Amino acid sequence: SWFLSPGMPDLDEVVLKHSLGNGSSIYGARDGQGGATVGFSYRYYVHKELGSDREILTALVSAHPFMKTKEPAVQVSRVAGLIHVTVRGEVYEYRSYPLEGVGAVSVDMKL
């Protein structure tokens, strides 16, 4: 239930940076909001390109992730003009609308 609870995440580490080559990137960030009794969750975003990890974490805290998982090892690759996002494990929330504005890039989700 805490995965779907509203409120600001406690983003404390950038776990993924992948440039889409069009001024946007896919970022992954660890959310420590669960506390000591619940493991970390990971949020994945499409956002305009940012600089330092601090800048990324600050900007993403108020952004909407396209995916929430317990998996820190999400893989992103480009094959024949498509961006492939591969997750091995549980996905708790997925929304496609943040991916609609990525321009000339197509994203293929494989869960």
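**Salt bridges and cores in a predicted chain**

If one searches the whole of this structure for salt bridges, six of them turn up, and I would like to use some of them as our way into the fold. One that I will start with joins the side chains of Asp-53 and Lys-17, with 2.6 Å between N and O; because Asp-53 belongs to helix 1 and Lys-17 to strand 1, residues 11-19, this pair ties together parts of the chain that are 36 residues apart in sequence. As to the surroundings of the two partners, Asp-53 is partly exposed, at a relative accessible area of 35%, and Lys-17 is likewise counted as partly exposed, at 49%.

Before going further, I should say that we are looking at a predicted model, and that the confidence is not even along the chain. The mean pLDDT is 82, with 77% of the residues at 70 or more. Among the elements, helix 1, residues 53-60, has the highest mean value, 96, whereas strand 8, residues 106-110, has the lowest, 60.

As for the overall layout, the chain contains one helix and eight strands, and if we read from the N terminus the order of these elements is β-β-β-α-β-β-β-β-β. Of its 111 residues, 41% are buried, and if we take the contacts with a separation of 6 or more, 53% of them are between residues 24 or more positions apart.

Let me return to the salt bridges, and to two pairs whose setting is buried. The side chains of Asp-31 and Arg-43 meet at 3.1 Å, N to O, and since Asp-31 lies in strand 2, residues 24-31, while Arg-43 lies in strand 3, the pair ties together parts that are 12 residues apart in sequence. Both of these residues, Asp-31 and Arg-43, are buried.

The other pair is Glu-93 with Lys-68, where the closest N and O atoms are 3.3 Å apart; here Glu-93 comes from strand 7, residues 91-94, and Lys-68 from strand 4, residues 67-69, so that parts 25 residues apart in sequence are tied together. Once again, Glu-93 and Lys-68 are both buried.

There is also a network of salt bridges, which links Asp-12, Glu-13 and Arg-30. Arg-30 has a further arrangement that you may want to look at on the screen, since this residue lies over the face of Phe-40, at 4.0 Å from the ring centre. Aromatic pairs, by contrast, are absent, a search of the whole structure having found zero.

That brings me to the nonpolar interior. Which residues have the most contacts inside the largest nonpolar core? That core has 13 residues, and the ones in question are Ile-26, Tyr-44, Met-67 and Val-85. Two elements, strand 3, residues 41-48, and strand 6, residues 82-86, each give two or more residues to this core, and strand 3 gives the most, with three.

Tyr-44 deserves a moment of its own: leaving aside neighbours within four places in sequence, Tyr-44 is in contact with a list of residues that includes Val-15 and Leu-16, Tyr-27 and Gly-28, and then Pro-65, Phe-66, Met-67 and Thr-69, together with Glu-71, Pro-72, Ala-73 and Val-74. Apart from the largest core lies another one, of nine residues, among them Val-14, Tyr-27, Leu-57 and Leu-60. Tyr-27 is therefore worth finding on the model, being a member of that other core and also in contact with Tyr-44.

Conventions
Residues numbered from 1 in each chain as written. Predicted model: local features only at pLDDT ≥ 70, side-chain atom pairs only at ≥ 80, totals over all residues. Heavy atoms only, no water. pLDDT = per-residue confidence, 0-100. Helix = DSSP H or I, 4+ residues; strand = E, 2+ residues; numbered from the N terminus. Core = buried A, V, L, I, M, F, W, Y, C linked by side-chain atoms within 4.5 Å. Buried < 20%, exposed > 50% of the residue type's maximum accessible area, 1.4 Å probe, protein only. Contact = heavy atoms within 4.5 Å. Phe/Tyr/Trp six-rings, centres within 6.5 Å; stacked < 30°, edge-to-face > 60°. Lys NZ or Arg CZ within 6 Å of the ring centre and 35° of its normal. Salt bridge = Lys/Arg side-chain N within 4 Å of Asp/Glu carboxyl O.
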